[in-house]
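Work through the exercises below with the structure open. Try each task before reading its solution.

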Amino acid sequence: MEAQKVDMFIMANGKFFESHYVGQIRDRLMQLDDSKWLVIQTLQFKDPTTILIVSLLAGSLGIDRFMIGDTGMGVGKLLTCGGFGIWAIIDWFMIMGATRDKNMQKLQLYL
Amino acid sequence: MNRGKLYLILISACITGYSWLAINFYNNAFIESNKLGGCLIKSITSIPCPSCGSTRAVLSFLKGDFSDSLFWNPIGIILIVIMVVTPIWILFDLVFKKSSLYNFYHHTELFLKRKWIVIISILLVLLNWIWNINKGL
């Protein structure tokens with residue numbers, strides 16, 4: 001793919017991924033066929049900041065985990081009052097990383 | 001998430017659950033049932049969350065009061081099943097070097113993401129929540 005398109009993608013979506021993956025993503029996108037550009041461009045990623053707000057407000061009910069598609073962990077949080085409150089607090093710090101991981105997994109399906 | 005990480009999380013969750021049960025069993029949680037800590041929502045807003053009362057439900061179940069257990073919180077029964085089955089299943093997997101629980105976890109996740117299952121479970125949780133608030137847990 002052209003460097004211009006790839007850089008445009010990185011500029012628009014860089015914040016959705018862990019910073020140490022961005023270089024790797026750029027390399028993989030450069031090698032990618034041009035026909036996949038449309039699909040890659042229309043992918044929707046979850047914003048870590050939005051998920052953090054949800055986690056702060058409704059983390060005890062596991063809604064943050066449900067939103068990023070981690071249903072099993074979400075059920076675990078819901079059934080245990082957010083892991084007796086401890087897991088809910090730990091997730092305030094972990095959820096942004098977890099969201100970026102999930103975004104990476106989503107992108108990797110197309111790379 | 002890989003198999004090792006999932007099993008580590010499940011084992012630590014089970015250990016925490018059993019220690020929590022033991023603490024509440026020996027402190028006789030029923031006497032001071034309203035002082036039970038451990039729930040962020042209830043400590044901040046004094047409104048019980050959907051799964052408040054499940055410790056009391058599990059303890060009632062252990063004492064053999066099954067109807068009491070259902071009254072406190074039906075989620076307690078689900079937790080008992082999970083807490084009994086998970087350690088045995090993990091032990092089985094580790095001994096025979098399989099990943100059947102890991103596969104089961106993924107299948108359950110996919111099953112729970114179906115639209116009608118999502119709608120039914122949200123409704124059930126909401127009903128349970130309303131019931132919990134009415135019971136004044």
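The exercises that follow concern a predicted model.

**Exercise 1. Two helices in chain A**

Task: Find the angle at which α6(A) and α8(A) pack, and decide how the two helices are oriented to each other.

Solution:
- Step 1. Locate the helices: α6 of chain A covers residues 71-79, and α8 of chain A covers residues 86-108.
- Step 2. Read the geometry: the angle is about 135 degrees, and the axes are 9 Å apart.
- Step 3. Compare the angle with the cut-offs: roughly antiparallel needs over 145 degrees, and roughly perpendicular needs 65 to 115. The angle of about 135 degrees fits neither class, so α6(A) and α8(A) are oblique to each other.
- Step 4. List the residues that meet: α6(A) brings Met73(A), Gly76(A) and Lys77(A), while α8(A) brings Trp87(A), Ala88(A) and Asp91(A).
- Step 5. Sort the residues of this contact: three are nonpolar, one is polar and two are charged.

**Exercise 2. A salt bridge**

Task: Which residue forms a salt bridge with Asp64(A), and which parts of chain A does the pair tie together?

Solution:
- Step 1. Recall the principle: side chains of opposite charge can pair when their charged atoms come close.
- Step 2. Find the partner: Lys77(A) forms the salt bridge with Asp64(A), with 3.0 Å between the closest N and O atoms. The cut-off for such a pair is 4 Å.
- Step 3. Place both residues: Asp64(A) is in helix α5 (residues 63-67) of chain A and Lys77(A) is in helix α6 of chain A, so the pair ties together parts 13 residues apart in sequence.
- Step 4. Turn to the whole structure: over all chains there are seven salt bridges.

**Exercise 3. The interface of chain A and chain B**

Task: Describe the interface by its area, its polar pairs and the residues on the side of chain A.

Solution:
- Step 1. Count the residues in contact: 18 from chain A and 24 from chain B.
- Step 2. Take the area: the two chains bury about 1,600 Å² between them, and 76% of it is on carbon and sulfur atoms.
- Step 3. Name the residues of chain A that lose the most area to chain B: Leu79(A), Cys81(A) and Phe84(A), which together make up 39% of what that side buries.
- Step 4. Check the pairs: zero salt bridges are counted between the chains, whereas six residue pairs are in polar contact.
- Step 5. Assign the side of chain A to helices: α6, α7 (81-84) and α8 each supply at least two residues, and the largest share, six residues, comes from α6(A).
- Step 6. Sort that side: 10 residues are nonpolar, seven are polar and one is charged.

Key
Residues are numbered from 1 along each chain as its sequence is written. Chains are lettered from A and ligands numbered from 1 in the order in which they are written. This is a predicted model: local features need pLDDT of at least 70, side-chain atom pairs count only at pLDDT 80 or more; totals for chains, interfaces and linings use all residues. Side-chain values use heavy atoms; hydrogens and water are left out. Axes are lines fitted to C-alpha atoms, for helices over the stretch in contact, and angles run from 0 to 180 degrees between N-to-C directions. Helices (H or I, at least four residues) and strands (E, at least two) are DSSP runs, numbered from the N terminus. Angles under 35 degrees count as roughly parallel, over 145 as roughly antiparallel, 65 to 115 as roughly perpendicular and the rest as oblique. Contact means heavy atoms within 4.5 Å. Ala, Val, Leu, Ile, Met, Phe, Trp, Tyr, Cys and Pro count as nonpolar, Asp, Glu, Lys and Arg as charged, and the others, Gly among them, as polar. Buried area is the accessible area (1.4 Å probe) that two parts lose on being put together, summed over both. A salt bridge is a side-chain nitrogen of Lys or Arg within 4 Å of a carboxyl oxygen of Asp or Glu. A polar contact is a pair of N or O atoms within 3.5 Å; within protein, one must be able to donate a hydrogen and the other to accept it, and residues adjacent in sequence count only if both atoms are side-chain atoms.
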